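Q: I am new to this structure and would like a close look at a single part of it. Please take one aromatic side chain, describe its surroundings, and then set it within the chain as a whole.

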Amino acid sequence: NGLLTVNAGSYEYYQFTVPSGASNIQVSGTFTASGGSGNDIKVYIMDSTNFVNWQNGHSASTYYNSGQLTTSTISATLPLGGTYYLVYDNTFSIISQKNVNTQVNLSYTS
């Protein structure tokens, strides 16, 4: 939660772990991007395997994909415990860094 700066041509991420045996796993929140000419960002939630594939330019599946937007609501249901990544992607921007104000919550039942 708070303000995150994502440089042009780059990305930032938060790694989080959901305990094994968790159920009703939900990620929810909002984001708003500002700065630069586009004022937009791409936001993803993905598991470890897909994050590594995405980092290496390969096809990857996501549990949430905002598309290229200025502001949106984040909502994802995760299937099971494990390590996940909340990614703020500005790799499409060659000039403009983005400031992203974000509020995201993780909830689950143990």
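A: Tyrosine 85 is buried, because its relative accessible area is 11%, and the cut-off for that word is under 20%. The model in which this is seen is a predicted one. The partner to look at beside this residue is phenylalanine 51, which also counts as buried, since its relative accessibility is 2%.

Eleven aromatic pairs are counted in this model, and two of them can be followed here in detail. A pair of aromatic rings is described by the distance of the centres and the angle of the planes. For phenylalanine 16 and tyrosine 84, the ring centres are 5.9 Å apart and the planes stand at 25°, so this pair is stacked. Phenylalanine 16 belongs to strand β2 (residues 11-18) and tyrosine 84 to strand β7 (residues 82-89), so their pairing ties together parts of the chain that are 68 residues apart in sequence. Both phenylalanine 16 and tyrosine 84 are buried. Phenylalanine 51 and tyrosine 85 likewise form a stacked aromatic pair, with 4.1 Å from centre to centre and 10° between the planes. This second pair also links distant parts of the chain, for phenylalanine 51 sits in helix α1 (residues 48-55) and tyrosine 85 in strand β7, 34 residues apart. Phe51 and Tyr85 are, moreover, members of one aromatic cluster, which they form together with Tyr11, Tyr13, Tyr44 and Trp54.

A charged pair offers another link across the sequence. Side chains of opposite charge can pair when their charged atoms come close. The model has a count of one salt bridge, and in it the side chains of aspartate 40 and lysine 98 meet, with 3.2 Å from N to O. Here, too, distant parts of the chain are linked, as aspartate 40 lies in the loop between β3 (23-34) and β4 (41-47), whereas lysine 98 lies in strand β8 (residues 98-109), 58 residues apart. Aspartate 40 counts as buried because its relative accessibility is 13%, and lysine 98 is buried with a relative accessible area of 1%.

Serine 66, which is found in strand β5 (residues 64-69), gives an example of a polar side chain that is covered, since at 12% relative accessibility this serine counts as buried. A polar atom of the side chain of serine 66 lies 2.8 Å from the backbone nitrogen of valine 43. If neighbours within four places in sequence are left aside, serine 66 is in contact with Phe31, Ile41, Lys42 and Val43.

These details can now be placed within the whole chain, which has one helix and eight strands, arranged from the N terminus on in the order β-β-β-β-α-β-β-β-β. Among contacts between residues at least 6 apart in sequence, 80% join residues at least 24 apart. Of the 110 residues, 35% count as buried, and the accessible surface comes to about 5,800 Å², of which 44% belongs to carbon and sulfur atoms. Taken along the principal axes, the C-alpha atoms fill a box of roughly 45 × 30 × 15 Å. The radius of gyration is 14 Å, which agrees with the value near 13 Å for a compact globule with 110 residues.

Key. Residues are numbered from 1 along each chain as its sequence is written. This is a predicted model: local features need pLDDT of at least 70, side-chain atom pairs count only at pLDDT 80 or more; totals for chains, interfaces and linings use all residues. Side-chain values use heavy atoms; hydrogens and water are left out. Helices (H or I, at least four residues) and strands (E, at least two) are DSSP runs, numbered from the N terminus. Buried means under 20% relative accessible area, exposed over 50%, partly exposed in between (1.4 Å probe, protein chains only). A polar contact is a pair of N or O atoms within 3.5 Å; within protein, one must be able to donate a hydrogen and the other to accept it, and residues adjacent in sequence count only if both atoms are side-chain atoms. Contact means heavy atoms within 4.5 Å. A salt bridge is a side-chain nitrogen of Lys or Arg within 4 Å of a carboxyl oxygen of Asp or Glu. The radius of gyration is taken over C-alpha atoms; the globule rule is 2.2 Å times the number of residues to the power 0.38. Accessible areas come from the Shrake-Rupley method with a 1.4 Å probe; for residues, only the protein chains shown count as cover. Rings of Phe, Tyr and Trp (its six-membered ring) pair if their centres lie within 6.5 Å; planes under 30 degrees apart count as stacked, over 60 as edge-to-face and the rest as tilted.
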